[in-house]
Amino acid sequence: MRNRINLIKLISILFVVIITAGGLWTYRHFRAANASLTTEQITALAKKTPLDGQQSWLRLARAVLAAESVQAIAAPVEPLNNRGEATRVELGYLLFYDPILSGDKTTSCASCHHPDYGMADGLKKGVGIAGRGYGAQRAGTGRELQRNTPSLFNVAYNPILFWDGRAGTLEEQALEPIFNQDELNQSSAAELIKRLRSIPKYREMFAKAFGFNSPQDGREITLQNIARAIAAFERKLNITETAYDHFVKGQDERLTTEQLRGMVVFFGQGQCAACHTPPHFHDGVLSSIGVPVSPEKGAPLDADPGFGAVIRRQDGFGMFKTPGLRNVAGTAPYMHNGAFKTLEEVVEFYNDGGGLGRGLDVYSQDVQVAKLDLTEQQKKDLVSFLKSLNDTAPLPIVPASVPSGLPVVGK
Ligand code: HEC
Ligand code: HEC
């Protein structure tokens with residue numbers, strides 16, 4: 001009897017010891033991973049961490065992702081009436097590269113949104129109709145557009161489109177450049193539809209993509225279906241496999257120590273993630289940051305009213321949508337007006353506190369853009385982190401030919 005009681009005592013004591021030790025171990029593990037720290041605490045710790053302390057920076061970077069509840073990127077949502085069917089994507093792909101869409105048959109969407117230039121053009125501002133060539137080589141007598149050409153990578157994740165947010169869906173957006181006088185300058189819907197109906201390959205492809213046992217007589221070639229096909233193609237242009245993405249999914253070795261330090265700046269002292277929020281690195285809204293006409297300090301404020309002209313109200317003046325940052329290193333120059341040529345110039349601008357910080361009379365600048373007091377090292381680290389968002393997949397393939405028989409991409 002006594003032996004039994006002793007045994008029970010012993011087991012109880014052992015039990016308590018094991019529980020306590022386990023609890024202690026978990027707690028220390030938790031502490032070591034900095035999992036419970038806030039972003040402010042991490043920023044403070046970062047100041048005391050030696051530059052080359054790779055393991056410490058790894059822990060801080062993991063902790064900041066946990067503190068900000070960062071999620072991995074998921075597949076984009078496709079609208080119910082346009083589910084990304086392969087027949088539509090293939091058709092949209094060819095339309096995108098086919099200059100038949102433009103009034104004078106010289107320009108395609110890819111003249112300005114080309115894989116070689118990160119699905120943009122590498123120019124300060126796009127060169128419109130009557131331009132020649134594509135991307136940064138595009139030149140000639142073409143009209144200069146009002147704004148910088150945005151990349152179409154990850155456009156499927158953008159709830160608002162155009163720098164001033166005037167379009168909501170890709171289907172709604174796709175027809176705009178076709179009939180815009182400065183862009184593809186197509187004369188009329190009737191002319192566009194007539195042209196496409198005269199090409200057997202398009203009759204066949206539209207019937208397959210949109211018809212139901214319908215004859216290949218071109219009846220499916222409508223404005224709405226043209227827009228749907230282009231949008232279905234655009235939704236497949238996604239960058240989801242950057243070094244950053246692999247890191248988020250657990251691969252510690254994908255980021256350099258410099259990038260880990262830059263990540264801590266991006267979420268912490270830099271306040272970048274307040275608007276460039278992962279996983280898409282934008283918040284889906286517009287804000288005013290006071291972009292000037294050029295990078296030098298003292299340069300005047302850009303006069304583009306942005307969202308102000310869309311809502312016809314003063315309080316929208318100078319508001320532009322937050323661009324996503326995946327592949328941003330490949331799409332210079334930057335901002336709605338292409339004012340900044342390098343990421344270093346962009347970081348310098350934010351470090352000064354945006355337009356307001358540079359002494360410009362900015363209407364309702366967002367409070368998240370304020371003087372940052374970053375060291376030269378932190379600025380370099382931040383740029384380095386932005387490069388971890390570079391695309392690592394092969395470039396999208398340009399078709400060898402398009403159904404119109406015209407030169408692919410345009411002249
Ligand atoms: C002459 C150059 C040019 C051509 C050609 C062109 N675009 Fe654009 N694209 C631009 C510019 C510049 C903007 C930004 C305009 C603005 O924000 O006001 C833009 C914006 C866009 C956007 C919005 C992206 C975003 O994230 O806000 C989409 C989508 C787009 N274009 C698709 C197309 C499609 C599809 C075609 C062909 C039918 C096309 N573009 C042809 C220059 C061009
Ligand atoms: C208040 C929200 C906000 C904050 C905070 C913010 N940004 Fe931005 N960012 C924007 C907006 C809006 C634009 C576009 C402005 C324009 O074109 O006039 C932009 C543009 C950019 C661009 C240009 C992208 C392109 O494709 O042209 C980069 C790069 C960038 N931001 C990086 C950063 C970094 C780095 C930080 C932190 C130091 C930061 N941003 C903080 C809202 C913000």
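Reader: Before we get to ligand 2, when does a residue count as near a molecule?
Author: Here we go by the C-beta atom, placed from the backbone. Keep in mind that this is a predicted model. To count as near, a residue needs that C-beta atom to lie within 6 Å.

Reader: Okay, so which helix gives the most to the shell around ligand 2?
Author: The shell around ligand 2 holds 26 residues, and Cys 272, Cys 275, Tyr 334, His 336 and Asp 366 come nearest. By class, they split into 17 nonpolar, eight polar and one charged. With four residues, the top contributor is helix 12, residues 343–351.

Reader: And around ligand 1, which residues come nearest?
Author: There are 27 residues around ligand 1. Sorted by class, that shell has 16 nonpolar, eight polar and three charged residues. Coming nearest are Cys 109, Cys 112, Phe 162, Trp 163 and Pro 177.

Reader: Which helix gives the most to that shell around ligand 1?
Author: Look at the stretch covering residues 170–179, which puts five residues into the shell. That stretch is helix 5.

Reader: Let's zoom out. How far apart do the C-alpha centres of domain 1 and domain 2 lie?
Author: The protein chain is divided into domain 1, made of 39–74 plus 240–387, and domain 2, covering 86–234. The two do touch: 20 residues of domain 1 are in contact with 18 residues of domain 2. Centre to centre, going by C-alpha atoms, the gap is 31 Å.

Reader: On the side of domain 1 that touches domain 2, where does the largest share come from?
Author: By class, that side of domain 1 has eight nonpolar, 10 polar and two charged residues. Two elements give two or more residues to it, namely strand 4 (319–321) and helix 11 (307–311). The largest share, three residues, comes from helix 11.

Reader: Now the inside. Which helix gives the most to the largest nonpolar core?
Author: This core has 44 residues, and Leu 91, Leu 95, Phe 96, Phe 206, Ala 229 and Ile 230 touch the most other members. Helix 4 (86–97), helix 5, helix 6 (189–197), helix 7 (200–210) and helix 8 (223–234) each give two or more residues. With seven residues, the biggest giver is helix 8.

Reader: How many residues are in the other core that lies apart from it?
Author: Val 64, Phe 247, Val 291 and Tyr 350 are among the members of this separate core. As background, nonpolar side chains tend to be buried together in soluble globular proteins. The count for this other core is 36 residues.

Reader: Back to Phe 206: what does it touch, leaving out residues up to four places away in sequence?
Author: Phe 206 is among the residues that touch the most other members of the largest nonpolar core. With those sequence neighbours left out, Phe 206 touches Leu 91, Glu 220, Ile 221 and Asn 225.

Note on methods:
Residues are numbered from 1 along each chain as its sequence is written. Chains are lettered from A and ligands numbered from 1 in the order in which they are written. This is a predicted model: local features need pLDDT of at least 70, side-chain atom pairs count only at pLDDT 80 or more; totals for chains, interfaces and linings use all residues. Ala, Val, Leu, Ile, Met, Phe, Trp, Tyr, Cys and Pro count as nonpolar, Asp, Glu, Lys and Arg as charged, and the others, Gly among them, as polar. Domain bounds come from an automatic or database domain assignment. Two residues are in contact if their C-beta atoms, placed from the backbone, lie within 7 Å. A nonpolar core is a set of buried Ala, Val, Leu, Ile, Met, Phe, Trp, Tyr and Cys residues joined through C-beta atoms within 7 Å. A residue is buried if 20 or more other C-beta atoms lie within 10 Å of its own, exposed if 12 or fewer, and partly exposed in between; C-beta atoms are placed from the backbone.
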